[in-house]
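Here are a few short exercises to work through with the structure open in your viewer. Have a go at each task before you read its solution.

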4 protein chains.
Amino acid sequence: MKHIPVIVLGATGAVGQRFVQLLENHPWFEVVGLTGSDRSIGQRYTDACRWVLSGPMPDYARDIVVTPTEPGVEAALAFSALPADTARQVEPLFAAAGYGVCSNASAFRMEPDVPLLIPEVNPDHIRLIETQRVRRGWQGFIATNPNCTATGLVMALKPLHDTFGVKRVLAVSLQAISGAGYPGVASLDIVDNVIPYIGGEEDKVETEPLKLLGQLNGDGVRFAEFAISAHTNRVAVIDGHIVCASVELETNPGVEDVERALADFRTPDPVAGLPSTPERPIVVRREPDRPQPRRDRDEGHGMTAVVGRVRPCSLLGIKFVVLSHNTIRGAAGGSLLNAELLAAQGYLNSVRVELIRSTVTVEYCA
Amino acid sequence: MKHIPVIVLGATGAVGQRFVQLLENHPWFEVVGLTGSDRSIGQRYTDACRWVLSGPMPDYARDIVVTPTEPGVEAALAFSALPADTARQVEPLFAAAGYGVCSNASAFRMEPDVPLLIPEVNPDHIRLIETQRVRRGWQGFIATNPNCTATGLVMALKPLHDTFGVKRVLAVSLQAISGAGYPGVASLDIVDNVIPYIGGEEDKVETEPLKLLGQLNGDGVRFAEFAISAHTNRVAVIDGHIVCASVELETNPGVEDVERALADFRTPDPVAGLPSTPERPIVVRREPDRPQPRRDRDEGHGMTAVVGRVRPCSLLGIKFVVLSHNTIRGAAGGSLLNAELLAAQGYLNSVRVELIRSTVTVEYCA
Amino acid sequence: MKHIPVIVLGATGAVGQRFVQLLENHPWFEVVGLTGSDRSIGQRYTDACRWVLSGPMPDYARDIVVTPTEPGVEAALAFSALPADTARQVEPLFAAAGYGVCSNASAFRMEPDVPLLIPEVNPDHIRLIETQRVRRGWQGFIATNPNCTATGLVMALKPLHDTFGVKRVLAVSLQAISGAGYPGVASLDIVDNVIPYIGGEEDKVETEPLKLLGQLNGDGVRFAEFAISAHTNRVAVIDGHIVCASVELETNPGVEDVERALADFRTPDPVAGLPSTPERPIVVRREPDRPQPRRDRDEGHGMTAVVGRVRPCSLLGIKFVVLSHNTIRGAAGGSLLNAELLAAQGYLNSVRVELIRSTVTVEYCA
Amino acid sequence: MKHIPVIVLGATGAVGQRFVQLLENHPWFEVVGLTGSDRSIGQRYTDACRWVLSGPMPDYARDIVVTPTEPGVEAALAFSALPADTARQVEPLFAAAGYGVCSNASAFRMEPDVPLLIPEVNPDHIRLIETQRVRRGWQGFIATNPNCTATGLVMALKPLHDTFGVKRVLAVSLQAISGAGYPGVASLDIVDNVIPYIGGEEDKVETEPLKLLGQLNGDGVRFAEFAISAHTNRVAVIDGHIVCASVELETNPGVEDVERALADFRTPDPVAGLPSTPERPIVVRREPDRPQPRRDRDEGHGMTAVVGRVRPCSLLGIKFVVLSHNTIRGAAGGSLLNAELLAAQGYLNSVRVELIRSTVTVEYCA
């Protein structure tokens, strides 16, 4: 399964750059196009893009000429790093044109026929694509990954919900500045400061987990039935979102039971062998002062959620801290893993792939 | 009421320095002694102390020779910035020797006969001193101010408890580095990082508010009966602790009711005219992104709690953010206001004051 | 000398806000107008302006309706916080209309007939205004304050140039983020980072001091004749620019001579009594690790330059560190002090003042 | 060349941890011992050491029991991360006992018979070891790497000195907090601040380069003859030291000549194939705002010096900015590369090696 041609929509922004970085040397996907805003169209990526990540821009991307964000470049898959409002306009055009769209944008996450996916958590939700194609008449599809803060929280809640049943969750985040893109948070707003507010974020953290932990039910998802209340804060950290969570569970387990359920959580079969799947979805730390963003965010190449400080909560039963890398697991890396799952499960439009690149071998269609 | 002689115990540390700073030009109190650790005894304060606050060391303090932390210097009042273990040994000696000890240390906060005070919240608790003197045979006394994070939280909870009745509180803090003293938090631990743990802090935040909001009852305090669960975090902020609070109230008030109760909270009479009392104990901000540590910590010269983001909590009913200055309101400024209340209410040992400084006029004894 | 009506051009930006803040309760100047960009015109200042400074927006400014940046509001003085390109277009219109323009913009700083002023350094340069008025046919004038980094450097060089003669200067800055305005420096660019480049800055630091330390000569300024080489860097500091300077002096003085010259530097007479003049223009610190931005920037209410670490330089003779507050002394505060000097010296257009506000008493014209 | 047994002296500190990290999976060296302070002796490394680096403690090190810092553990090589005063006492004991000591400490750097080494710069200086052994009667030796700030500076100066001749250097550093070890710099000293002073640092930066760029001459080094003046500053950066350098060169080359000399600099032969040698010793960046610590410090796995902003200096001719990773290239990585060179050149005491580990194959003795 090699040389599946892919494009990145909105490739010059911070999340777009992370896609470009993670796709370097990918064993399956080959970037054949990068799209950008009007001002960057026609320029080489190296000229159009102010690279803000650590480490250099990958060589493969430097000379790709940035194109408009519209179907045209022949590819099986489009990774979307678009802002929500642009995504709402443009992603359907790509899906209609036959592309599989793996989107980090929030625009379609809560649509009933669009999978909101964390492969280790709800891989079966990809079947919503069948409904989606029927309803919308698309040859391609849209699949989404959740909000960066919801991601880490849900990875920790998944084994708890399966084992004990989640009843109520109070989640307070301390979020990294990279979550706001580039230029994003002004330095005058965050040096020696905290911003106790992130527009639209609390609503996402309170709703997306219920879909992610819901049950596939015919042609839709029956949402999980528990309440989440969120406080979201911005702090002076480069990468890595912390969530302080207090959780009420149906069966009132003890701390050790919870730690065991977290540590024993395993990646489900169809996901276990994918290129971007981390060795372990959750690592449990037992030191009193972990996880910490700078020291733990790269666990599992940024794809593992790190949980620590599991302890009793006098209000809700259990409390803990969970950390996940917001621009890898919570954004580009999450979309990439979704794409790998969808490719492996045969959801990419192989006919199109065959048409456009005769050299592509599409084993997943066999 | 002038020239009440005071000393500062542990004057060379970070909180001790804040006492020295706040006592400059105080209308009532005059610093006549500064105590320090073995290594600093006998040196001038300017030589013994590595001044870490912004702004210069006050001139009045420079030439005071640091003495051992034991009774001897004649003064009516001792401000204690001692670490808890030293405080436990030494503060009783000062109280026995006739000093009023206004302590920021945690050692005696939860003793049944020791007032734990926020003057705007529970000024009547000072009457515990009478029991304390009888039980312990002290001519002086020990009075304490609460933990820095508990302070801001309780200032916000006070009007809510009075008006609506508090049932449950979930509190997540984002605390400034100055709360750990000097040198305190290593820069390698906090730049581009969060430490989701502060030793002993969560226990204090979960227990001290219950005493502060309790009822004076004969010779003791009947604790408030509600549950608090706390997560405490350290962030890269110089001064100012944020608490994200979700609160369940007996009567389920709406957001506007809560905002009004907070905004209408007034300083009780005996406290209103004291030198360090802020114009308003609570300021309510209605912008979506306030309070912020750097921009709001100096409200009311660092003595006002700033509350913002009052909004519904789907779990507990109401949520909000409260900010208070941790080394002013939450430490030295809190102790100072306690001392002013105690002086105004006649608790300082005036006989002693008369003996030691014939020039002192002790109006509060008339 | 009261109630001189003034306006602030570009009042909603970061430097504009600092003008608004410093003008609160000013003994002479009363703000009667605030101008802003198209999008803010017609709104109340409190609605048009995202206030980014610490402490609240002054009450006096909240209800002032923002007007276009063009002459019209009747005032004697216009403080300009405009960007350089706008300033180049607009400031001459105000000067022609009779306003005294005290500008923080770089647009006209190096014009031969425009004073570039630090009142303690070259107060006599205000006489360029007479040439300016003749040449340009203006009733008003433009006077400028220097670049924020040049400001602190020149304050330190002034007594050295007068006493010993400056021959060569190598200056390396560590500049605060507030110098870039708001939103200015992206947090992703500066947290855990240094940006060793500030566009256009090195040129200003290398040229402006030569005009500031030049001699008024007929109708122009003969520039000082020495060479400056600058490296400018951005660091994660809120306010306060550090300059590490190595200086070659004509007479090869020793460290103590240099320290004495710096410490003995006194404000010249016409400047000494102005409202914003600090008690001392230069404070010399002798601790090994001062000055520091956070601890020393507020010296003299942000108007004093703090010099430390005076020591031998094996290359150029003497080296030292100088700190100055970039948005007070180096921007709005510098312009304000210029305005005070110009008002006191009778440069404000009193006729105009009398016309527009009959209540104004213009003592400085007597 | 495998399984050369090595120990790390002072393994629990910040630099010691970096040695432990870099030695994981080293192709030649195998860690057989870790020494620490009294309080850690007898504990497993995982219990004795508060791990402060990003990423986890290497598994291989966890169960090694910390021993006293004295000869005894059988090994060919001792990496020293000791503080200077301890190093002065202890390193000679190890050298006398036959160990090759590769030290990051400053204690012996300037001794005439001790090589101060950057392998790409002065690999021939290792021959001082022969003199050293004769003079001191040691079977082992001490070899040192320079101060972290001197390291990057010298890497940039080397091709300039070879090509054009260096006459004078003015160097101003912006140094990362990790350079001060752990706990090192207090967060209250560096958040929103700069410390324009690092004890002892300027002297090292002004002297060590002259030895590094000196000529081996019989049994000593004839120092390079040019003057360096340094200002050293601490800034809120985790890793990566910036040096702003102005340099006078004998032949007054232009900017392009200098850039070419830097970019063309090649690793000398005996060094080119070593495991820790970076692909290129110097990378020249041509963007206006590079190098930056966070974005460039990991170039060449932290072993490459990144130079940018080469431009004319009106004072000294040429100025530029150089960045190097202070705890890799400037400390543990530098020592490790020294050790690899010394091993490859046959300086390790193979007899000893054979005695202590019969399984060791010591090809470099053949």
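**Exercise 1. Find how many salt bridges cross the interface of chain C and chain A, then describe that interface.**

Step 1. Start with the charges: in this predicted model, the interface of chain C and chain A holds 2 salt bridges. One to look up is Arg50(C) with Asp189(A), whose side chains meet at 3.3 Å, N to O.

Step 2. Now the polar contacts. The rule finds 6 residue pairs across this interface, both partners at pLDDT 80 or more. Sorted by class, the chain C side that touches chain A has 10 nonpolar, 3 polar and 2 charged residues.

Step 3. Count who touches whom: 15 residues of chain C contact 15 residues of chain A.

Step 4. Then go to area. Interface size is often quoted as the accessible area lost when the parts come together. Here chain C and chain A bury about 1400 Å² between them, with 69% of it on carbon and sulfur atoms. On the chain C side, Ser187(C), Leu188(C) and Val191(C) lose the most area to chain A, together 41% of what that side buries.

**Exercise 2. Do the same for chain B and chain A: how many salt bridges are there, and which elements of chain B supply the contact side?**

Step 1. The salt-bridge count between chain B and chain A is 10. Among them is the pair Arg297(A) and Asp192(B), at 2.8 Å from N to O.

Step 2. Polar contacts come to 34 residue pairs across this interface, again with both residues at pLDDT 80 or more.

Step 3. Next, the elements. On chain B, those giving at least two residues each to the side that touches chain A include strand 6 (166-175), helix 8 (201-212), strand 10 (241-249) and strand 13 (317-324). The largest share, 7 residues, belongs to strand 9 of chain B. By class, this side of chain B has 27 nonpolar, 8 polar and 14 charged residues.

Step 4. Finish with size. Contacts join 49 residues of chain B to 49 residues of chain A, and the buried area is about 3900 Å², with 54% from carbon and sulfur atoms.

**Exercise 3. Take three salt bridges, starting with Arg50(D) and Asp189(B), and work out what each one joins.**

Step 1. A search of the whole structure gives 96 salt bridges over all chains. In the first of our three, the closest N and O atoms of Arg50(D) and Asp189(B) are 3.3 Å apart. Arg50(D) sits in the loop between helix 2 (45-48) and helix 3 (59-62) of chain D, while Asp189(B) is in helix 7 of chain B, so this pair joins two chains. At 40% relative accessibility Arg50(D) is partly exposed, whereas Asp189(B), at 7%, is buried.

Step 2. Arg62(C) and Asp59(C) come next, with closest N and O atoms 3.1 Å apart. Both belong to helix 3 of chain C and are 3 residues apart, about one turn of the helix. Arg62(C) is partly exposed at 27%, and Asp59(C) is exposed at 60%.

Step 3. Last, Arg109(D) and Glu208(D) pair up at 2.9 Å. This one links distant parts of the chain, 99 residues apart: Arg109(D) is in the loop between strand 4 (100-103) and helix 5 (128-136) of chain D, and Glu208(D) is in helix 8 of chain D. Arg109(D) and Glu208(D) are both buried.

Step 4. For a bigger picture, trace the salt-bridge network that links Arg50(A), Asp189(C), Asp289(D) and Arg295(D).

**Exercise 4. Is Thr267(B) buried or exposed?**

Step 1. Locate Thr267(B) in the loop between helix 9 (255-263) and helix 10 (269-272) of chain B.

Step 2. Read off its accessibility: Thr267(B) has 16%, and the cut-off for buried is under 20%, so it counts as buried.

Step 3. Check the neighbours. Leaving out residues up to four places away in sequence, Thr267(B) touches Glu120(B), Ala272(B), Thr277(B), Pro278(B) and Pro281(B).

**Exercise 5. What confidence does the predictor give chain A and the complex?**

Step 1. Chain A has a mean pLDDT of 94, and 95% of its residues reach 70 or more.

Step 2. Look for the exception: over residues 351-366 of chain A, pLDDT stays under 50.

Step 3. For the complex, the predictor gives an ipTM of 0.94 and a pTM of 0.95.

Methods:
Residues numbered from 1 in each chain as written. Chains lettered and ligands numbered in written order. Heavy atoms only, no water. Contact = heavy atoms within 4.5 Å. Buried area = accessible area lost by both parts, 1.4 Å probe. Salt bridge = Lys/Arg side-chain N within 4 Å of Asp/Glu carboxyl O. Polar contact = N/O pair within 3.5 Å; in protein donor to acceptor, adjacent residues only side chain to side chain. Helix = DSSP H or I, 4+ residues; strand = E, 2+ residues; numbered from the N terminus. Nonpolar A, V, L, I, M, F, W, Y, C, P; charged D, E, K, R; others polar. pLDDT = per-residue confidence, 0-100. Buried < 20%, exposed > 50% of the residue type's maximum accessible area, 1.4 Å probe, protein only.
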